[in-house]
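Ready for a few short exercises? Have a go at each task yourself, then read the worked solution beneath it.

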Amino acid sequence: MNRTLRWLYRFEGGIGWTSAAFVISLLVLAPLASLGWSALHGTTQHWSHLMNHVLPNATFNTLILLAGVGILVTCLGTGAAWLVTAYEFPGRRMLTWALLLPLAVPTYIIAFSYLDLMHPIGPVQEAIRWVFGYQSPREFRLPDMRSMLGAILLLGVVLYPYVYLSTRVMFMSQAANLIEAARCLGESPRGVFLRVALPLARPAIAVGVSLALLETLNDIGASEFLGIQTLTVAVYTTWVTRSDLAGAAQIAMTMLAVVVVLIVIERKSRDRQRYANTQRMRPMQPTKLSGLQAVIAGLLGWAPVMVGFIIPASYLLYETIKRINLVGSISRQLLFAGWNTLLVASAATLLTVVLGLVVAWAARRWRETRTPSLGQTCARVSSLGYALPGTVLAIGLLTPLLLLDHGLGQLVTLVTGHSTELIILGTMTGLVLAYTIRFLAISTGSFEAGLARIPASLEQAARLLGESTTGTLKRVHLPLLMPAIAAAGMLVFVDAMKELPATLMLRPMNMETLATWLYGEASRGTYEEGAVAALAIVIAGLAPVILLARTPQRIGRNAS
Amino acid sequence: MKKSILLCHSIKASLLALTLSTAMNAASAQDVNLYTTREPKLILPLLESFTAKTGIKVNTVFVKSGLIERVKTEGEKSPADVLMTVDIGNLLDLVDHGVTQPIASKTLDEAIPSHLRGQDGQWYTLSLRDRVLYADKSLQLQSITYEDLAHPKWKGKVCIRSGQHPYNNALIASMIAHNGLEQTEKWLRGVKANLARKPAGGDRDVARDILGGICDIGLANAYYAGQMKTSAPGTDARKWGEAITVVRPTFAKSGGTFVNISGASVAKYAPNKDNAVKLLEYLVSDEAQGMYAKANFEYPVKSGAPKEATLESFGPLKVDPTPLTDVAKFRKQASELVDRVGFDQ
């Protein structure tokens with residue numbers, strides 16, 4: 001291959017699209033650059049202290065937490081996806097979407113709910129004492145939830161849907177033919193799962209697990225509640241208590257570097273594999289279970305839904321009713337907070353989906369080549385926002401947002417002759433941009449995976465028939481991508497709605513979202529009102545989650 | 001073509017968003033803009049009565065952390081007028097980062113003792129918050145020193161939030177100011193050895209965990225006890241509050257209790273500076289200071305402000321005489337000590 005050709009291949013996605021993707025990745029790079037700048041301009045005087053007394057323990061805790069959550073979400077997510085895809089039992093249809101419900105429960109709310117439920121004076125232990133005739137919690141107590149094991153369990157039961165979602169789509173759209181072939185060739189059900197379905201699902205599992213792990217890594221609310229000293233907590237305390245923003249940026253950038261290396265390794269390890277399928281998508285034929293087997297399958301399937309959604313949601317509902325009985329009403333400001341949340345989350349979803357589509361399209365492969373195109377590099381860069389803790393991203397965004405503000409301000413002054421106030425920083429626009437940069441990884445990743453399932457020959461054919469790049473996207477790929485677009489949109493919406501740290505730092509005056517409202521209640525100690533806001537977040541997250549849950553079913557139905 | 005449609009839509013959307021956000025941001029001259037690290041609803045009654053008196057509307061944003069970074073970045077265009085925070089260290093940080101401006105106000109100078117405000121008018125204390133001991137009611141504990149918390153008799157009986165939290169950081173810094181670094185390290189190791197559970201959660205969790213039988217005593221700010229003890233009957237908070245008695249610990253040497261502050265500064269580029277000063281002056285009026293005690297159970301900074309019954313029931317408060325600005329000098333050492341001892345691990 002000569003050099004010019006290779007150079008041209010870097011623009012495989014089309015020069016216009018690649019340039020657009022490039023601009024978008026610059027947007028994501030801006031906060032990183034600004035953080036890198038502060039990291040470089042700090043002293044390293046804290047490092048010996050941090051290395052000796054903070055980081056070893058924080059790193060150890062973080063690794064244990066990640067390993068635990070990783071194993072749990074893989075087992076729960078993949079297991080549940082296989083269960084509802086490969087087997088037929090009473091209640092299966094409902095279970096297929098119910099398994100996604102824990103997605104509506106943010107990590108800080110699950111921690112807060114279970115802390116209350118499992119507390120020695122909470123209902124569970126009270127019941128146990130009543131049954132066994134203990135008089136006071138001093139005579140009998142269960143182990144405290146505030147432990148590493150508690151953290152792993154709680155994070156695991158709300159984060160597994162990321163894995164469930166991606167693997168289920170994979171099982172439904174990809175596995176059917178191969179699995180039936182394996183069955184015909186006499187493979188046992190276990191063998192089908194371990195030797196065909198699991199390897200097939202590997203990219204999907206990787207996508208889901210990495211989302212769950214990034215969320216675990218960047219969590220701060222639940223860690224604070226549960227007293228787990230993770231690296232993200234170390235970043236936070238280095239910045240806030242040790243008053244060393246540069247030091248915090250240094251730790252954060254190091255963490256980011258490690259994350260990037262891990263993601264690259266994971267991708268490289270399955271670089272040569274191709275999963276595109278030219279056959280029509282159709283669901284596999286589930287094995288019918290009956291009797292005890294059906295009961296066990298049902299119990300297994302419903303357990304994570306129970307722990308991750310039904311129990312905490314019922315608890316919040318109970319607290320809310322108690323609150324309404326005590327006080328009489330829900331405050332009107334809470335409704336405003338709900339409206340604000342809806343507004344920013346929708347705007348962010350729209351922007352994130354559109355930008356993600358541009359990036360993923362620029363990064364697509366439609367020729368067999370191993371040279372990474374510029375578009376693919378842009379796609380990797382665009383996903384970095386999700387790999388940083390929200391607070392850190394928000395600090396990094398301050399300066400870029402201000403620069404954007406100055407630029408726009410000068411433009412407006414030029415056109416209208418008036419000087420402006422800040423129009424980006426500390427406004428809803430700034431907030432929407434922050435969400436977009438943070439969650440672009442979700443949409444880009446989802447669209448890339450979606451595009452990878454569409455065989456390159458489709459685009460080759462379209463192009464041979466004289467269609468343009470844009471036309472191919474519009475007329476061939478967009479319709480095929482619809483399920484992915486819906487799924488990504490819902491995920492981004494739910495995530496944006498739950499987002500707390502960046503919102504706290506960047507929001508305009510007098511503006512509450514449901515998450516900041518809840519946080520405010522929690523900081524003031526009015527927990528009962530907090531439960532109302534928490535329930536509102538869960539309910540608001542429910543609608544998109546249910547819609548989301550219907551998408552993979554639709555894939556199956558339309559195609560069959 | 002799809003691209004141009006997408007482009008067109010996104011331009012429309014962004015224009016709409018810009019218009020919206022600019023409209024949201026446009027504060028009128030009759031306003032005062034408050035950036036606070038305190039939950040604004042805590043001081044809402046104060047702000048509402050300020051608005052009722054002066055007709056000046058208060059716009060608030062609760063920035064949990066990163067207030068300094070945000071104001072600093074916003075620079076000359078920052079809409080912030082008043083910056084409000086808790087903890088002496090955080091207040092001094094505002095001044096150190098150059099986001100405040102000096103003001104001169106006779107009212108403020110008269111109301112606030114001189115060691116509780118910056119000498120150049122860069123920061124002002126608005127209320128006092130004592131860090132006290134919550135103890136299981138049945139213990140009938142009458143008095144205790146902070147030093148006593150490390151005594152082995154409390155082994156497995158102490159609850160506390162993270163040692164890196166500003167409230168504990170300031171207390172540990174104060175301990176260093178009293179007893180020196182070496183003694184404080186010994187003390188902190190002793191407290192660590194006495195912990196019933198990992199340092200986690202907030203101050204109210206101490207009361208809850210005492211009721212839950214996890215621990216017998218714990219450190220927390222006094223106003224939380226006031227809030228819990230006066231919560232509506234039947235609420236969880238009320239039950240937690242009723243499980244504890246508040247004991248005001250003292251430093252062995254001075255016999256005084258550690259008191260931190262909440263306070264405020266006028267922002268460097270305050271667009272409504274006059275209103276900002278008016279707000280601060282209102283907050284130290286007799287009326288507002290009385291409300292601090294009544295609504296928040298914080299001690300008024302102004303002597304002679306009306307007293308509050310629940311606070312009085314905690315007994316007399318003898319404030320430790322060590323100047324807070326001296327305490328603040330040991331903040332970094334205190335934070336490093338917490339790491340060295342592995343207090344939070």
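**Exercise 1. Getting a feel for chain B**

Task: Work out what share of the contacts in chain B with a separation of 6 or more comes from residues 24 or more positions apart, and how many helices and strands the chain has.

Solution. Keep in mind that this is a predicted model.
- Step 1: start with the contacts. Among those in chain B with a separation of 6 or more, 78% join residues 24 or more positions apart.
- Step 2: count the elements. Chain B has 14 helices and 10 strands.
- Step 3: check the overall build. The radius of gyration of chain B is 22 Å, close to the 20 Å that the globule rule gives for 345 residues, so the chain is as compact as a globular protein of that length.
- Step 4: look at the outline and the inside. Along the principal axes, the C-alpha atoms of chain B fill a box of roughly 75 × 60 × 45 Å. Of its 345 residues, 56% are buried.

**Exercise 2. Following strand β5(B)**

Task: Take strand β5 (residues 124-136) of chain B and find out why it is largely enclosed by the rest of the structure. Then find strands that pair with β5(B), including β9(B).

Solution.
- Step 1: check burial. A residue is buried if 20 or more other C-beta atoms lie within 10 Å of its own. In β5(B), 13 of the 13 residues are buried, so the strand is largely enclosed by the rest of the structure.
- Step 2: pair β5(B) with β9 (residues 259-267) of chain B. The two run antiparallel over 6 bridges, and Arg129(B) has Asn260(B) as its bridge partner in β9(B).
- Step 3: go on to β10 (residues 299-300) of chain B. It pairs with β5(B) in the antiparallel sense over 2 bridges, with Ser127(B) opposite Pro300(B).
- Step 4: try β7 (residues 217-221) of chain B. Here the antiparallel pairing with β5(B) has 5 bridges, and Asn221(B) is the bridge partner of Arg131(B).
- Step 5: finish with β8 (residues 244-247) of chain B. This strand is antiparallel to β5(B) over 4 bridges, and Asp136(B) finds its bridge partner in Ile244(B).

**Exercise 3. Two domains in chain B**

Task: Which residue ranges make up domain 1 and domain 2 of chain B, and which element gives the largest share of the domain 1 side of their contact?

Solution.
- Step 1: split the chain. Domain 1 covers 29-128 + 260-304, and domain 2 covers 129-258 + 315-341.
- Step 2: place the domains. Their C-alpha centres lie 27 Å apart.
- Step 3: size up the contact. Domain 1 of chain B puts in 15 residues and domain 2 puts in 16.
- Step 4: find the contributors. On the domain 1 side, the elements that give two or more residues are α4 (88-96), β5 and β9 of chain B. The largest share, 4 residues, is from α4(B).
- Step 5: sort that side by type. It has 6 nonpolar, 7 polar and 2 charged residues.

**Exercise 4. Where the chains touch**

Task: How many residues does each chain bring to the contact between chains A and B, and which helix leads on the chain A side?

Solution.
- Step 1: count. Chain A brings 57 residues and chain B brings 61.
- Step 2: find the leader. Helix α15 (residues 390-416) of chain A gives the largest share of the chain A side, 6 residues.
- Step 3: sort by type. The chain A side splits into 27 nonpolar, 20 polar and 10 charged residues.

Key:
Residues are numbered from 1 along each chain as its sequence is written. Chains are lettered from A and ligands numbered from 1 in the order in which they are written. This is a predicted model: local features need pLDDT of at least 70, side-chain atom pairs count only at pLDDT 80 or more; totals for chains, interfaces and linings use all residues. A residue is buried if 20 or more other C-beta atoms lie within 10 Å of its own, exposed if 12 or fewer, and partly exposed in between; C-beta atoms are placed from the backbone. Two strands pair if DSSP finds at least two bridges between them. Two residues are in contact if their C-beta atoms, placed from the backbone, lie within 7 Å. Ala, Val, Leu, Ile, Met, Phe, Trp, Tyr, Cys and Pro count as nonpolar, Asp, Glu, Lys and Arg as charged, and the others, Gly among them, as polar. The radius of gyration is taken over C-alpha atoms; the globule rule is 2.2 Å times the number of residues to the power 0.38. Domain bounds come from an automatic or database domain assignment.
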